[in-house]
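Please take a moment with the sequence and the model shown here before reading on. The paragraphs that follow move from the whole chain to single helices and then to individual residues.

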Amino acid sequence: MTTALAPEQTARFDRIERVLDFIHANLDQPLSVSELAAHSCWSRWQLQRVFSEQTGVSVAHYVRELKLSYAAKQLLSRPDRVIDIALSFGFTSEANFSRAFRQQFGVSPRTYRQRGVMDGIRTPLHITTLATPNPSWLSVHIQTRSSITLVGQTSPILGLFAPEPDFTDVVPKLWRDAHEAGLIDVGQPSIGAIDVASADTLQTPLPYLAGQQRDAPSSLPLATWTVPEATYAVITHLGPVSELPKTLHTFIYHWLPASGYRCTDGIELEVYPPGYQPEADDAVMTYWIPLDCHHHAPK
């Protein structure tokens, strides 16, 4: 049973939603914090505090990251000059744009264009729900990950869309067994991998691997998977891992149709940081879903 939000909490989220809608519709404008504060009916200090508290990122950083991400997509999808792209997103000069771009992506706009790989893209925040005591915002980035080798234990699972899913029982047991067998280095990230491309129907079990990245196959009798380079939608999940299916439903039914991106069959990844506590309210992990790298979302 869910608990309705208090009226003041609903109002706060409504205001943040309005600010986000205004940002998303006006990325070609400077979008100063003062302007956004006036639009939100909060003071500058109140907006910055509430925005950061509710979304986990400062409003100025969010605006800058989103502008640069949309600019990066245009670098890959259009032949426009760098200066024209810079001006279209409210930057006053190519030098200012290039400096900010390098800070976010680690390379110049021209180098990013030459590489031709979509990576490091921030997408607009989407609210996951307003019907729970702890509503949150869906944060999705677009990243390209090089080929990796995973080593671990495997088991078939019936996934999220199976008629009778069993992953909520099978996956935790597989991880417990891997930890108890001493197969997991707690000082390194752990990765769960789901080979969704191998299934012909929703009733077909999916191979699931619980393990870690290795530079070479293990000498132990473990499964070794090679995950090819791919471009992913990287979804940040905050809270108990048992709530992850709700986050994925929001991504699939709300974020994806509105995003302009297309998913593709491949190996999906669950990436857990060292020391991850699966049922902690402040636990953070990421879920990686392969995208069609030839399909770029429009501005």
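Two residues are said to be in contact when heavy atoms of theirs lie within 4.5 Å. By that criterion, among the contacts in this protein between residues at least 6 apart in sequence, 69% join residues at least 24 apart. The model is a predicted one, and the protein in it has nine helices and 10 strands. Of its 299 residues, 45% count as buried.

A suitable place to begin is helix 1, which covers residues 7-25 and in which Phe13 lies. With a relative accessible area of 1%, Phe13 falls under the 20% limit and is therefore buried. Although Phe13 and Ile127 are 114 residues apart in sequence, their C-alpha atoms are 8.9 Å apart in space.

Following the chain onward, one reaches the loop between helix 1 and helix 2, where Leu31 is found. Most residues other than glycine have a negative phi. Leu31, which is not a glycine, has a positive phi, near 55°. Its relative accessibility is 5%, so Leu31 counts as buried.

Two packed helices are described by the angle between their axes and the distance between the axes. For helix 2 (residues 33-40) and helix 3 (residues 44-55), the axes come within 9 Å and cross at roughly 85°. Because angles from 65 to 115 degrees count as roughly perpendicular, helix 2 is described as roughly perpendicular to helix 3. On the side of helix 2, the contact is made by Val33, Ser34, Leu36, Ala37 and Ser40, while helix 3 contributes Arg44, Leu47 and Gln48. Sorted by class, the residues of this contact are four nonpolar, three polar and one charged.

Helix 3 can also be considered by itself. Its 12 residues reach 16 Å from the first C-alpha to the last, close to the 16 Å expected at 1.5 Å a residue. Which residues of helix 3 are buried? They are Leu47, Val50, Phe51, Gln54 and Thr55, and because they cover an arc of only 105° around the axis, they lie on the same side of helix 3. Leu47 thus appears both among these buried residues and in the contact with helix 2. Just after helix 3 comes Gly56, which takes a positive phi of about 80°.

A second pair of packed helices is formed by helix 4 (residues 59-77) and helix 6 (residues 94-105), whose axes are 10 Å apart and which pack at an angle of about 95°. That angle makes helix 4 roughly perpendicular to helix 6. From helix 4, the residues Arg64, Glu65, Leu68, Ser69, Ala71, Ala72 and Leu75 meet Phe97, Ala100, Phe101, Gln104 and Phe105 of helix 6. Their contact has eight nonpolar, two polar and two charged residues.

Further along the chain is helix 8 (residues 167-180), where the 14 residues should span 20 Å at 1.5 Å a residue, and the end C-alpha atoms, 19 Å apart, agree with that. The buried residues of helix 8 are Phe167, Val171, Leu174, Trp175 and Ala178. Why can they be assigned to one side of helix 8? They cover an arc of only 95° around the axis, which puts them on the same side, whereas Asp169 and Glu180 are exposed on the other side. The buried residues of helix 8 have a cover that includes strand 4 (148-157), strand 5 (190-195), strand 6 (206-213), helix 9 (244-259) and strand 9 (267-272). Just after helix 8, Gly182 takes a positive phi of about 75°.

The last two stops are single residues. Thr226 has its place in strand 7 (residues 223-227) and, at 52% relative accessibility, counts as exposed. Its C-alpha atom is separated by 6.3 Å from that of Leu150, although the two residues are 76 residues apart along the chain. Leaving aside neighbours within four places in sequence, Thr226 is in contact with Ser147, Ile148, Thr149 and Ile267.

Pro257, for its part, lies in helix 9. Is Pro257 buried or exposed? At 59% relative accessibility, Pro257 counts as exposed, and it touches Phe251 and Ile252 when residues up to four places away in sequence are not counted.

Methods
Residues are numbered from 1 along each chain as its sequence is written. This is a predicted model: local features need pLDDT of at least 70, side-chain atom pairs count only at pLDDT 80 or more; totals for chains, interfaces and linings use all residues. Side-chain values use heavy atoms; hydrogens and water are left out. Axes are lines fitted to C-alpha atoms, for helices over the stretch in contact, and angles run from 0 to 180 degrees between N-to-C directions. Helices (H or I, at least four residues) and strands (E, at least two) are DSSP runs, numbered from the N terminus. Angles under 35 degrees count as roughly parallel, over 145 as roughly antiparallel, 65 to 115 as roughly perpendicular and the rest as oblique. Ala, Val, Leu, Ile, Met, Phe, Trp, Tyr, Cys and Pro count as nonpolar, Asp, Glu, Lys and Arg as charged, and the others, Gly among them, as polar. The expected span of a helix is 1.5 Å times one less than its number of residues. Buried means under 20% relative accessible area, exposed over 50%, partly exposed in between (1.4 Å probe, protein chains only). The arc is that of the directions from the helix axis to the C-beta atoms.
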